[in-house]
Amino acid sequence: MASTSSIALSQALLTRAVISQNGSDRCVSVPAFSGLRSASPRATSSSRRQRIASASSHSLRPLVRASVAKTAETTTDSSLVDKSVNTIRFLAIDAVEKAKSGHPGLPMGCAPMSHVLFDEVMRFNPKNPYWFNRDRFVLSAGHGCMLHYALLHLAGYDSVREEDLKGFRQWGSKTPGHPENFETPGIEVTTGPLGQGIANAVGLALAEKHLAARFNKHDNEIVDHYTYSILGDGCQMEGISNEVCSLAGHWGLGKLIAFYDDNHISIDGDTEIAFTEDVDKRFEALGWHVIWVKNGNNGYDEIRAAIKEAKAVTDKPTLIKVTTTIGYGSPNKANSYSVHGAALGEKEVEATRTNLGWPYGPFQVPEDVKSHWSRHTPEGAALESDWNAKFAAYEKKYPEEAAELKSIISGELPSGWEKALPTYTPESPGDATRNLSQQCLNALAKVVPGFLGGSADLASSNMTLLKAMGNFQKDTPEERNLRFGVREHGMGAICNGIALHSPGFIPYCATFFVFTDYMRAAMRIAALSEAGVIYVMTHDSIGLGEDGPTHQPIEHIASFRAMPNILMFRPADGNETAGAYKIAVTKRKRPSVLALSRQKLPQLPGTSIESVEKGGYTISDNSTGNKPDVILIGTGSELEIAAQAGEELRKEGKTVRVVSFVCWELFDEQSDAYKESVLPSDVSARVSIEAGSTFGWGKIVGGKGKSIGIDSFGASAPAEKLYKEFGLTVEAVVAAAKSLI
């Protein structure tokens with residue numbers, strides 16, 4: 001019997017339950033569909049066929065599976081499999097048709113492989129989509145999301161009921177136009193931008209391998225699950241997929257199995273016009289095991305054999321190339337771009353029903369199909385119950401390890417963890433905030449079990465190395481320093497996968513702030529999908545000096561302030577850096593960016609860890625009655641300039657308030673009364689200074705205030721010279737303030 005604590009643990013994230021509804025239906029036998037293009041690659045190009053034929057005789061050719069094999073103890077009757085596969089197809093067809101919007105082609109082509117995967121292979125509990133030891137599935141080709149919704153519906157997930165299918169792509173529905181993890185329980189990650197999903201899958205698989213290495217014992221493998229993904233030609237073309245698949249091969253992620261939907265069609269037509277590389281050989285070179293299923297349309301045994309073989313390869317990830325027909329079953333649109341991103345149309349829907357011998361009405365699930373899939377509810381409950389009992393035994397024998405694992409699974413931080421963060425006084429030595437950040441990172445790694453991360457080949461410059469930890473590598477996956485190489489985009493998306501694996505994972509990743517341009521798409525998805533990644537972005541301004549404008553961020557701070565659901569921190573010293581980390585660690589559904597200096601900064605009087613929570617706060621003030629003559633506002637390295645300018649003005653008898661605006665987003669969330677206490681509405685004399693674009697500062701300083709910043713690219717020179725030439729000086733702040741008083 002599982003302990004109460006272990007049951008509570010496995011269900012900690014089950015936040016909602018809805019009652020599923022099933023419609024009436026009829027059943028008939030369905031003939032196999034034929035008459036479309038053969039499974040041979042690039043049927044439209046004889047030269048392409050010749051290249052493939054030549055490649056097939058190469059010594060490194062992918063393995064082709066045509067033999068019969070079973071991945072499950074029992075094999076479902078083939079006629080029922082056909083009917084189940086067609087059910088998936090028509091649920092997708094009907095939903096897209098009703099919405100008059102969507103992508104039916106991929107679900108129609110990928111239904112066979114996804115049926116085998118979900119119905120016969122994957123382990124999950126439909127009534128608890130957040131059960132920890134479930135297998136994860138990522139539809140990287142997220143435009144085909146009706147495939148995933150149909151599978152969740154058949155498997156018994158309460159989040160995708162019949163009315164949800166009918167509400168596909170509509171306001172308030174749980175079936176949005178691309179998969180959204182925050183919207184639909186059962187969806188692991190948010191996909192849509194091609195390549196992001198397979199990158200997230202690499203992160204999920206990394207998380208599993210790391211946890212297994214840290215916590216599994218010889219007598220209790222408490223962590224044991226697979227990550228599966230379906231990606232298409234579009235994902236393969238995006239550069240991010242190569243970045244992350246290179247890392248997956250390097251790390252030997254043996255429990256990552258990716259299905260490549262090899263249908264040769266993209267929006268513009270046959271992929272022959274732009275994509276003719278040998279994907280198989282590329283993945284072999286990346287360190288993957290590669291299998292080719294030639295008949296993805298109804299070669300169920302080939303698919304089963306490929307999965308069985310993939311699971312037997314434990315030292316490297318597997319790519320199963322499944323050659324399919326996009327829009328399989330549509331007599332006039334299959335194997336064409338017209339079925340990729342538009343509804344079939346009423347006439348073609350009926351023609352497809354006739355062609356596949358499908359007599360059921362829209363959204364009907366045949367009773368025998370419904371009955372067959374219904375077993376996943378009791379089987380899933382049994383899987384979770386067995387795991388709960390396993391964890392109870394683990395917890396009794398290995399209490400310390402169980403406590404750490406429980407923290408990662410539940411997201412509950414250890415009591416008093418924040419006390420590990422360093423504190424500073426004005427007498428503490430000045431330092432670059434990137435160095436102060438490293439002190440925080442290393443302090444957190446000692447007390448937060450799920451804290452791990454790394455840099456895009458800049459660890460010694462970003463100062464992100466965890467000194468007490470080794471490197472996560474193929475043979476040392478228990479370690480917590482992640483070496484991403486020069487792969488910013490892939491790094492960001494992998495960290496999204498890690499963060500979304502379990503609530504207690506707190507991944508960080510690092511590069512120069514300007515190179516967020518390479519990873520912005522992943523950062524936006526993190527904000528959208530509520531993945532609490534911490535971005536350690538050093539070299540935050542022209543203060544980096546001689547590397548010049550290619551490396552000097554200007555518009556970057558403003559751009560992240562404009563992005564929803566992300567916190568943009570620019571700390572000025574040690575206390576503000578520690579305060580930013582304190583908040584970032586607790587914000588598990590909101591990513592945080594820390595822009596950190598290369599140059600040394602003093603520890604300023606008036607700053608504190610606690611005050612950072614307010615986003616903006618007063619660090620010095622000689623006024624009374626909340627009526628200073630002028631308010632000086634700064635962030636990061638320029639807060640020191642504002643403070644010095646305040647002292648100069650006070651010498652001349654002025655009352656001056658100096659405000660740190662370390663995080664705009666947090667300040668915006670404070671009460672009106674608090675905001676008035678910092679920026680009184682009747683004080684219009686306000687001056688801001690920040691070594692970046694002045695865009696957006698108008699809402700802070702008001703129509704009568706002044707903003708000092710940089711609205712051009714930087715230059716190559718020592719930092720001191722650059723600050724003088726661009727007017728980021730005490731004198732400039734004093735002059736601006738006097739002009740307003």
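Two strands count as paired if DSSP finds at least two bridges between them. Keep that in mind on this tour of a predicted model.

**Stop 1: a strand pair.** Select residues 506–512, strand β11, and residues 534–538, strand β12. The two run parallel, and 5 bridges join them. Now pick cysteine 509. Which residue of β12 is its bridge partner? It is tyrosine 535.

**Stop 2: the whole sheet.** Widen the selection to the open sheet, which has 6 strands. Read them in the order β10-β9-β11-β12-β14-β13. The pairing is parallel. Next, colour the edges: β10 at 481–483 and β13 at 567–569. Each of these edge strands pairs on one side only. Then look at the turn from strand to strand. Neighbouring strands are turned by 20° against each other on average, direction ignored.

**Stop 3: a helix across the sheet.** Add residues 488–501, helix α18. This helix lies across β9 (451–455), β10, β11 and β12. Against β11, α18 runs at about 170°.

**Stop 4: two packed helices.** Select helix α3, residues 78–99, and helix α5, residues 145–155. Their axes are 9 Å apart, and the helices pack at an angle of about 120°. That angle makes α3 oblique to α5. The crossing is right-handed.

Show the side chains where they meet. On α3, pick Thr87, Ile88, Leu91, Ala92, Ala95 and Val96. On α5, pick Met146, Leu147, Ala150, Leu151, His153 and Leu154. How many residues of this contact are nonpolar, polar or charged? Colour by class to see 10 nonpolar, 2 polar and no charged residues.

Terms used:
Residues numbered from 1 in each chain as written. Predicted model: local features only at pLDDT ≥ 70, side-chain atom pairs only at ≥ 80, totals over all residues. Heavy atoms only, no water. Axes fitted to C-alpha atoms, helices over the stretch in contact; angles between N-to-C directions. Helix = DSSP H or I, 4+ residues; strand = E, 2+ residues; numbered from the N terminus. Parallel < 35°, antiparallel > 145°, perpendicular 65-115°, else oblique. Left-handed = near helix turned anticlockwise from the far one by under 90°. Contact = heavy atoms within 4.5 Å. Nonpolar A, V, L, I, M, F, W, Y, C, P; charged D, E, K, R; others polar.
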